[in-house]
Amino acid sequence: MPTTRSIFTMVLLALSLSYTVLAFGLIFTTTAGRIGPGFFPRIVGGLLVVALATSLVVDVRRQAGHEEAPHGREVAVLCGLAVLFMLAMIWLGGLIGMIVFTLVTLTYLNREHPVHNLLIGIGFPVGLYVLFDVLLNASLPRGALPFFN
């Protein structure tokens with residue numbers, strides 16, 4: 001008998017597959033050779049399908065072995081942090097919001113490795129900033145507070 005989590009994962013997987021199929025209908029590159037509107041949706045859709053399929057396999061194996069499922073508290077905290085991240089992006093801007101979110105999330109989930117958390121918490125958002133804002137010229141939110149513009 002599938003669990004609620006497995007059913008939820010299957011629904012998300014079906015939606016992700018639909019999204020990915022639609023993404024492959026978009027133009028991959030423009031006639032000028034630049035990336036088109038289908039470039040990133042294909043990547044995001046493919047990663048979603050892989051992640052959700054992996055999660056579904058883990059759920060089925062966990063249920064077969066009767067392993068303990070993750071606690072609801074962690075899920076609730078991470079959902080709350082995601083909402084705070086969206087607000088942080090509005091007020092603090094994309095880069096600072098990502099750094100704060102990543103550092104807080106990693107600290108909550110992985111308290112044993114503070115140096116590792118710090119390196120990832122700063123390095124990953126800075127890498128995303130360089131990729132999107134600098135290389136692809138797809139600016140991230142600047143923030144509403146004057147000192148973060």
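A polar contact is a pair of N or O atoms within 3.5 Å. In this predicted model, one such pair involves Thr20: a polar atom of its side chain lies 2.7 Å from the backbone oxygen of Ser16. The briefing starts with that residue. It then turns to the aromatic pairs, of which the structure holds four, and to helix α5, which covers residues 114-135.

**Thr20 and its surroundings**

- Thr20 sits in helix α1, which runs over residues 4-23.
- Thr20 counts as buried because its relative accessibility is 11%, and the cut-off for buried is under 20%.
- Some partners of Thr20 come from further along the sequence. With neighbours within four places set aside, Thr20 is in contact with Gly45, Gly46 and Val49.

**The pair Phe40 and Phe132**

- Four aromatic pairs are present in the structure. In one of them, the ring centres of Phe40 and Phe132 are 5.6 Å apart.
- The planes of these two rings stand at 40°, so the pair is tilted.
- Phe40 belongs to helix α2 (residues 39-65), while Phe132 belongs to helix α5 (residues 114-135). The pair therefore ties together parts that are 92 residues apart in sequence.
- Phe40 has a relative accessible area of 30%, so it is partly exposed.
- Phe132 is also partly exposed, at 25%.

**The pair Phe85 and Phe101**

- Phe85 and Phe101 form a tilted aromatic pair. Their centres are 4.7 Å apart, with 35° between the planes.
- Phe85 lies in helix α3 (residues 72-92) and Phe101 in helix α4 (residues 94-109). This pair therefore ties together parts that are 16 residues apart in sequence.
- Phe85 is partly exposed, with a relative accessible area of 21%.
- Phe101 is partly exposed as well, at 26%.

**An aromatic cluster**

- Phe40 and Phe132 also belong to a cluster. Together with Phe28 and Phe39, they form one aromatic cluster.

**Helix α5**

- Helix α5 has 22 residues. At 1.5 Å a residue, they should span 32 Å.
- The end C-alpha atoms of α5 are 30 Å apart, which agrees with that span.
- Asn117, Gly121, Pro125 and Asp133 are the buried residues of α5.
- These buried residues pack against α4, the helix that holds Phe101.
- Asn137 comes just after α5 and takes a positive phi of about 55°.

Methods. Residues are numbered from 1 along each chain as its sequence is written. This is a predicted model: local features need pLDDT of at least 70, side-chain atom pairs count only at pLDDT 80 or more; totals for chains, interfaces and linings use all residues. Side-chain values use heavy atoms; hydrogens and water are left out. Helices (H or I, at least four residues) and strands (E, at least two) are DSSP runs, numbered from the N terminus. Buried means under 20% relative accessible area, exposed over 50%, partly exposed in between (1.4 Å probe, protein chains only). A polar contact is a pair of N or O atoms within 3.5 Å; within protein, one must be able to donate a hydrogen and the other to accept it, and residues adjacent in sequence count only if both atoms are side-chain atoms. Contact means heavy atoms within 4.5 Å. Rings of Phe, Tyr and Trp (its six-membered ring) pair if their centres lie within 6.5 Å; planes under 30 degrees apart count as stacked, over 60 as edge-to-face and the rest as tilted. The expected span of a helix is 1.5 Å times one less than its number of residues.
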